[in-house]
Amino acid sequence: MKLTGVEKVENCIAGDFVYRYFFDGPWKKKGIQIMAGTGNIKYYADFPRPLYEVRFSDGTILKGVESEREFRVIFKRGSGDLEREAFQKRCGEIAGTI
């Protein structure tokens, strides 16, 4: 799987800190768990469309729906381009192993 795009989400309460990441394949449970790494994952498997949310120690939050080709990332206030670029690189590396 490959990261195919990143889009800033407009009209959000968090403003400049919300981005949508797009991939060429769907995120399945195993991939979500790998992406979560050491983050705190909440997985709602009983929903009609299973949701997941991962909170990382640096304050970054990842949210998505299993089997979708995208997820949203909310960066903590004060995050700069370096943090977003590092996260994007990590997404690409992990997606490449799934």
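**Strand β6 and its partners**

Strand β6, residues 70-74, has two distinct faces: Phe 71 and Val 73 are on the covered face, whereas Glu 70, Arg 72 and Ile 74 make up the uncovered one. The model examined here is predicted.

Strand β6 pairs with β2 and with β5. The pairing with β2 (residues 18-23) is antiparallel and comprises 5 bridges. Within it, Val 18 has Ile 74 of β6 as its bridge partner. Strand β5 (residues 61-65) is also antiparallel to β6, with 4 bridges between them. Here Ile 61 is bridged to Ile 74 of β6. Ile 74 is thus listed as partner to Val 18 and to Ile 61. It belongs to the uncovered face of β6. Strands β5 and β6 form a hairpin with 4 residues between the strands. In this hairpin, Ser 67 adopts a positive phi near 75°.

Attention turns next to strand β3. Asn 40 is located in this strand. Its relative accessible area is 47%, so Asn 40 counts as partly exposed, the class between 20% and 50%. Beyond its neighbours within four places in sequence, Asn 40 contacts Glu 53, Val 54 and Arg 55. Val 65 is 25 residues from Asn 40 in sequence, and their C-alpha atoms are 16 Å apart.

The loop between β3 (40-44) and β4 (51-55) contains Phe 47. Phe 47 has a relative accessible area of 41% and is therefore partly exposed. Together with Tyr 44 and Leu 51, Phe 47 makes a nonpolar surface patch of about 250 Å².

Terms used. Residues are numbered from 1 along each chain as its sequence is written. This is a predicted model: local features need pLDDT of at least 70, side-chain atom pairs count only at pLDDT 80 or more; totals for chains, interfaces and linings use all residues. Side-chain values use heavy atoms; hydrogens and water are left out. Patches are made of residues with over 30% relative accessible area and no salt bridge: like charges are joined within 9 Å, nonpolar side chains (Val, Leu, Ile, Met, Phe, Trp, Tyr) within 5 Å. Accessible areas come from the Shrake-Rupley method with a 1.4 Å probe; for residues, only the protein chains shown count as cover. A salt bridge is a side-chain nitrogen of Lys or Arg within 4 Å of a carboxyl oxygen of Asp or Glu. Buried means under 20% relative accessible area, exposed over 50%, partly exposed in between (1.4 Å probe, protein chains only). Contact means heavy atoms within 4.5 Å. Two strands pair if DSSP finds at least two bridges between them.
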